[in-house]
Structure formats: structure tokens, C-alpha cells
Amino acid sequence: MANQQQLKLTQMKEFVQMLSSSAEKYGDPTLERFLVARSMDPNKAAKMFVSWQKWRTSFVPLGFIPDSEVVQQLESRKIFLQGSCNSGHPLMILNASKHYPAKDHHQFKKFVVHLLDKGIASGIKGTKIGNEKIVVIIDLQKLSYKNVDARGLISGFQFLQAYYPERLARLYVLNMPWFFVSVWKMVSRFLEKATLNKIVIVNNEEQRKEFVMEVGKEALPEEFGGNAKLVALQDVEAHQLEC
């Protein structure tokens, strides 16, 4: 199996070169994510990888999105980064009741990159860089109609699927109000099967207990049955993401 995977990696690198690009500065863990996302098809993985390279160069020319470029989105302190959960992945929490649809959608997309980069980078351990994943909680407690942002949610998932393959370990949706069910059904149409399989909607007490056990009380804030305090994204120090 290992030999077969190595062969696929070699073929992918050759296809990348045929597309007038190079994978030399990227480790195998990075390339493997694109292979998995394209069902181990080296040709399709290479096309996805080269598309990602071009996007990254264009959209993130500095290699990262600084706080200064997303100040408006950070001010509400709606994103939290809680350290590692039981699976060893960084835990990120979105308080949706503090979010409002952005007037500048391009700036919002920058914020999506900023928070994903920082969350993933916080999970870098050791020298085998490129296979880090995050666990995400979307908390819909106290959500009102003015907080609903289907466009922003779709953009976030599209970025994950197109430019952050195999970076999402698990996503939990908590406290979904009745009026959001139809919104979620619409958003779900834009999600790939692999993404949908990683999403857990917590509806009852039994599911909530399982959610607490899976995430772990050490990283989970008191508001969700854990022992930790909420830590805003901008208050966390993290290395620059090395892809």
C-alpha cells in the first residue's frame, strides 16, 4: 500500500511539471492531501494543486493575511481558538450570533483565509508539516435573522473544499434554531459528500454527551460542558502556516 501511494505521489509530481509548475518545495504530506481529495487520481490531484498554487500566489501574496487587513471581522471577537481537542487537532469555535453579513465580501474572504491559516498553523507539531487538520464548532445559540449569512457560509465551505483539501477533521453544529434548517439545507447543496460526512449536527442530549466526549473537556469551553475559557482568535500566537 505504501509503495502504491508513493507511485501515485511520483505520478502527481510529474503531472504538476507537465502543467508548467513545480511541487519541489512542498512535502509529501501536503501533496497527499490533494491526492485524497481527488480519490487518489494523480492527474486530477495535480490540477487541483496547481490551481491552489495560482490562487495562493494571487490571493495571499504575503504568504499570510495580517490582522490589519481583517480588523472589522476581528473586532466582534466571534472566532475562538482553544488548543488541541482529544483527537489532537486544534479546536476552533464560531459564535454565529456575533456575526453579521459582510458588506465587503472580498474582505470577508480574506478573513476566512486568515482564520483557517491561523487555526491550521496552530496544529503544526514537529517537522512533518502539511497534514494538519482542525475541528470546528459552529454555535448557533441566540442566532437571529440578522446574523444569517448563507453567502458567507457557502464561501467558507467553498474555500475549504477548493483550497484547503483534507484540512477539516470534524465540524459540529450546535443549537440550530428551527428557522435555520431551511438555510442549512440550501447551504448543504454546495458541499461535497466528503465534507458532509465530516459534519455533525448536535440535536439532542445523547448527541451532546458524545460531542463533549469526542472533543474533550480540556479544550471545550465551560459554555459547552468543558473546563476551558474562551480564547479569541487574535489573542492566540501562532506560527505562519507552512503549507
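What follows is a friendly conversation about a predicted model of a protein.

Student: How many helices and strands does the protein have?
Tutor: Begin at the N terminus, where the elements run α-α-α-α-β-β-α-β-α-β-α-α-β-α. Counting up the secondary structure of this predicted model gives nine helices and five strands.

Student: What radius of gyration does the protein have, and why does that agree with a compact globule?
Tutor: The C-alpha atoms fill a box of roughly 50 × 40 × 35 Å along the principal axes. For 243 residues, a compact globule would have a radius of gyration near 18 Å, so the protein agrees with that expectation at 18 Å.

Student: What share of the contacts comes from residues 24 or more positions apart?
Tutor: Take the contacts with a separation of 6 or more as the starting set. Within that set, residues 24 or more positions apart account for 76%.

Student: Is Y26 buried or exposed?
Tutor: The cut-off for buried is under 20% relative accessible area. Y26 has 17% relative accessibility, so Y26 counts as buried.

Student: Which kind of aromatic pair do Y26 and W52 form?
Tutor: A pair of aromatic rings is described by the distance of the centres and the angle of the planes. For Y26 and W52, the centres are 5.5 Å apart and the planes meet at 70°. Planes over 60 degrees apart count as edge-to-face, so the Y26 and W52 pair is edge-to-face.

Student: How many residues apart in sequence are the parts that this pair ties together?
Tutor: Y26 sits in the loop between helix 1 (2-18) and helix 2 (28-37), while W52 belongs to helix 3 (residues 42-59). W52 is buried, at 3% relative accessibility. The pair therefore ties together parts whose separation in sequence is 26 residues.

Student: Why is the pair of W55 and Y163 called stacked?
Tutor: The ring centres of W55 and Y163 are 4.0 Å apart, with the planes at 5°. Planes under 30 degrees apart count as stacked, so this pair is stacked.

Student: How far apart along the chain are W55 and Y163?
Tutor: W55 is in helix 3, and Y163 is in helix 6 (residues 150-163). Their pair links distant parts of the chain, with a separation of 108 residues.

Student: Which residues form one aromatic cluster with W55?
Tutor: W55 is buried, with a relative accessible area of 10%. The structure holds 15 aromatic pairs. The cluster joins W55 with F59, F159, Y163 and Y164.

Methods:
Residues are numbered from 1 along each chain as its sequence is written. This is a predicted model: local features need pLDDT of at least 70, side-chain atom pairs count only at pLDDT 80 or more; totals for chains, interfaces and linings use all residues. Side-chain values use heavy atoms; hydrogens and water are left out. Rings of Phe, Tyr and Trp (its six-membered ring) pair if their centres lie within 6.5 Å; planes under 30 degrees apart count as stacked, over 60 as edge-to-face and the rest as tilted. Helices (H or I, at least four residues) and strands (E, at least two) are DSSP runs, numbered from the N terminus. Buried means under 20% relative accessible area, exposed over 50%, partly exposed in between (1.4 Å probe, protein chains only). The radius of gyration is taken over C-alpha atoms; the globule rule is 2.2 Å times the number of residues to the power 0.38. Contact means heavy atoms within 4.5 Å.
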